[in-house]
Amino acid sequence: MSNPKKMSLETSSLFQLTATRLKLTLREPEAMFWIFAFPILLALGLGIAFRNRPADVLPVGATTPQLTQALAADKGLNATKMDESAGTHALAVGTILLLAEQRGDGVVYRYDNTNPDARTARMIADRAIEVAAGRKDVVTAENELIHETGSRYIDFLIPGLLGMNLMGSAMWGLGFSIVEGRQKKLLKRMVASPMPRWQYLAGYLLSRLVMLVIEVVVFLGFARLVFGVPFRGPLWQLALLCVLVSLVFSALGLLVASRATTIETVSGLMNLVMLPMWILSGGFFSASRFPAILQPFVRALPLTAAIDAMRGNMLQGVQLSQLMLQVGILLAWFAVPFAVSLRIFRWR
Amino acid sequence: MQAGAVPALRIRGLRKAFVDVQAVNGIDLEVAKGECFGLLGPNGAGKTTTIEICEGLTDADEGTVELLGRNWKTGADELRQQIGIQLQETQFPDKLTVEETLRLFRSFYRSGITVDESIKLAQLEEKRRSRIGGLSGGQKQRLAMATALVGDPELLFLDEPTTGLDPQARRHLWDLVEEMKREGRTIILTTHYMDEAEQLCDRVAIMDHGKVIALDTPKELIATVCSEDIVEFAVSGSQVPKCEGPGAPKVDVEALKKIPGVQSHRVDDGVHQLSVSELHTAVPRIFAALEEQGLHLSEFRTHSATLEDVFVRLTGRNLRDE
Ligand SMILES: Nc1ncnc2c1ncn2[C@@H]1O[C@H](COP(=O)(O)OP(=O)(O)OP(=O)(O)O)[C@@H](O)[C@H]1O
Ligand SMILES: [Mg+2]
């Protein structure tokens with residue numbers, strides 16, 4: 001080649017732009033916290049709070065010594081004797097789930113029937129009291145216990161947190177620094193140089209992909225080691241999904257940042273975009289709990305599609321070919337915002 | 001200027017309006033290769049707007065711009081490689097080092113000087129590995145200059161390279177510009193420091209309200225617009241001591257203007273300014289006239305005219321907002 005300068009990474013503007021972007025991200029301690037530490041802390045916290053406890057012992061109260069004794073006889077209950085007013089208070093603050101009161105010959109159970117634990121306590125308490133009063137089982141039953149990984153709350157939670165983390169880091173990562181660059185006239189300085197404009201944006205996407213590898217490996221590695229979360233689908237398909245999801249939210253971040261000139265504006269827009277998905281997209285609980293009328297809207301959100309697809313892959317081992325609806329939704333959420341932001345992007 | 005040679009910059013009939021203001025109102029300019037050309041003017045004169053149109057960053061409403069024989073419509077890619085730009089306000093990322101920033105900018109150019117050379121040129125060797133957030137104002141300005149130089153540009157645009165710097169940092173930057181001139185680059189700079197323009201520029205265009213109101217070498221401008229010396233004085237009444245504030249004694253201006261050699265008079269903040277052509281004969285008469293009016297001089301000095309005086313003469317205003 002007659003080129004006086006050898007082509008190398010040193011002189012490749014795309015490489016330099018990507019490397020610069022990476023350095024700037026890594027030198028931002030707050031960003032590092034939100035990207036790496038926060039999701040792990042959240043998973044740890046929620047994983048502990050919602051861990052499947054070995055055969056829960058449910059706290060209950062009773063107003064007479066006989067009732068207390070009858071309840072205490074069941075291994076599933078922890079019974080305390082208390083008078084009615086103490087019991088009412090204990091119910092209200094949640095130290096007991098159920099209060100059994102003697103009324104004439106019968107028993108009255110006071111409990112909150114919208115609380116699943118309280119409903120369980122009601123069934124066990126009733127059985128204990130009936131048994132103490134001499135009931136005999138007519139059918140003999142035996143228990144065979146299973147504790148399957150993949151059906152615990154933490155298994156459900158991890159893909160949700162992963163999706164939310166990919167959304168947050170892509171959107172904040174692009175949105176903030178683009179608007180900051182515009183505000184500080186750095187964008188203008190860049191386009192005043194011969195830098196190809198597409199490379200500026202490509203540098204963002206490429207550095208995002210590098211960060212993504214670190215981010216996903218750290219987070220999923222943690223989930224695997226600490227909680228034993230399963231990976232039932234092909235890993236390469238999960239990786240592909242992560243890349244796609246990250247591109248989707250990078251495009252959304254780009255769109256949100258394409259015209260804003262102040263950090264306040266872009267923060268507001270970003271929250272406007274992300275908040276509905278935090279609530280609706282099923283990160284913490286299944287999105288199918290929302291009323292049917294909302295479902296088409298909820299399903300069309302990119303984060304819902306992302307989390308559904310990743311849960312499908314990780315928990316049920318669903319193949320990518322069966323997740324085409326979600327993949328299609330994600331592709332649309334990538335293509336449209338990306339095209340729009342390229343058209344309306346302001347360099348100054 | 002060599003006849004027939006392609007000028008470094010040629011502007012014809014340039015106009016640009018923003019919502020509420022005609023920022024550039026019909027400008028024609030020609031800058032020869034190798035020249036250092038200054039755009040001078042007060043805040044809001046339209047310097048930045050003009051220069052950014054030349055840099056292809058702002059679209060003009062009317063008029064044409066030609067750089068190095070090319071224009072932005074058809075030759076943008078080539079032009080970007082050939083010119084170096086320093087904007088009026090750019091904040092490079094605080095967390096990047098000097099070297100990293102220059103390496104990034106260097107990668108945009110097909111050919112140019114090395115990163116090391118640019119660091120040496122801007123005299124930032126000691127700060128090579130420092131983050132930009134820790135640089136002084138002058139060092140940041142020199143870095144901005146270095147990013148404009150890494151591509152070894154033929155034509156250099158500098159928008160207020162020394163505004164806000166202390167005198168020492170300004171001299172430092174002037175040295176850098178002088179060095180660029182010696183290397184034969186064409187330089188177009190804006191400033192509102194007259195001394196800077198006098199020091200650095202081969203030719204100067206004085207701008208006001210979007211128009212060029214004078215254009216020549218600094219020497220010629222001074223010679224043609226105000227060849228005279230400037231006499232400045234302040235008075236207090238003979239009986240009354242100094243510092244009377246607004247009630248300062250009245251000066252009979254007409255009497256002063258009748259003195260042979262006195263060309264014009266203006267008052268600025270209690271200081272009277274006369275432009276005087278025959279200093280040696282006029283000054284004794286000024287003394288006499290003031291004495292006759294019962295006025296007492298509290299200040300008196302003379303200096304030869306500067307570009308500052310040229311501007312005052314042309315516009316009746318001071319260059320910098322008070
Ligand atoms: N983007 C813009 N939108 C609206 N008005 C603008 C814009 N840019 C400049 N102006 C106006 O155009 C006029 C000329 O501005 P310009 O920045 O060119 O002046 P200048 O000579 O560079 O001044 P300074 O010495 O302060 O830098 C000013 O009145 C300014 O308010
Ligand atoms: Mg300006």
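**Questions on a predicted two-chain model**

Biologist: What makes the pairing of the side chains of Ser275(B) and Ser264(B) a polar contact?

Modeller: The side chain of Ser275(B) lies 2.6 Å from that of Ser264(B). A polar contact is a pair of N or O atoms within 3.5 Å, where within protein one must be able to donate a hydrogen and the other to accept it, and residues adjacent in sequence count only if both atoms are side-chain atoms. The pair is therefore called a polar contact. This is a predicted model, in which local features need pLDDT of at least 70 and side-chain atom pairs count only at pLDDT 80 or more, while totals for chains, interfaces and linings use all residues. Residues are numbered from 1 along each chain as its sequence is written, chains are lettered from A and ligands numbered from 1 in the order in which they are written, and side-chain values use heavy atoms, with hydrogens and water left out.

Biologist: Why is Ser275(B) called buried?

Modeller: Its relative accessibility is 4%, and buried means under 20% relative accessible area, exposed over 50% and partly exposed in between (1.4 Å probe, protein chains only). Ser275(B) therefore counts as buried. The residue is found in strand β12 (residues 271–276) of chain B; strands (E, at least two residues) and helices (H or I, at least four) are DSSP runs, numbered from the N terminus.

Biologist: Why is Gln88(B) called partly exposed?

Modeller: Because its relative accessible area is 35%, Gln88(B) falls between the two limits.

Biologist: What makes Thr48(B) and Gln88(B) donors of the magnesium ion (ligand 2)?

Modeller: Their atoms OG1 and OE1, respectively, lie 1.8 to 2.2 Å from the ion. Donors are N, O and S atoms within 2.8 Å of the metal (3.2 Å for Na, K and Ca); water is not among the atoms, so sites may look incomplete. Thr48(B) lies in helix α1 (residues 47–54) and Gln88(B) in the loop between β5 (83–86) and α3 of chain B, so the pair ties together parts that are 40 residues apart in sequence.

Biologist: How do you know that Glu28(A) and Lys95(B) form a salt bridge?

Modeller: Their side chains meet at 3.0 Å, N to O, and a salt bridge is a side-chain nitrogen of Lys or Arg within 4 Å of a carboxyl oxygen of Asp or Glu. The pair therefore qualifies. The count between chain B and chain A is six salt bridges.

Biologist: How many residues of each chain are in contact across the interface?

Modeller: With contact meaning heavy atoms within 4.5 Å, 27 residues of chain B touch 25 residues of chain A.
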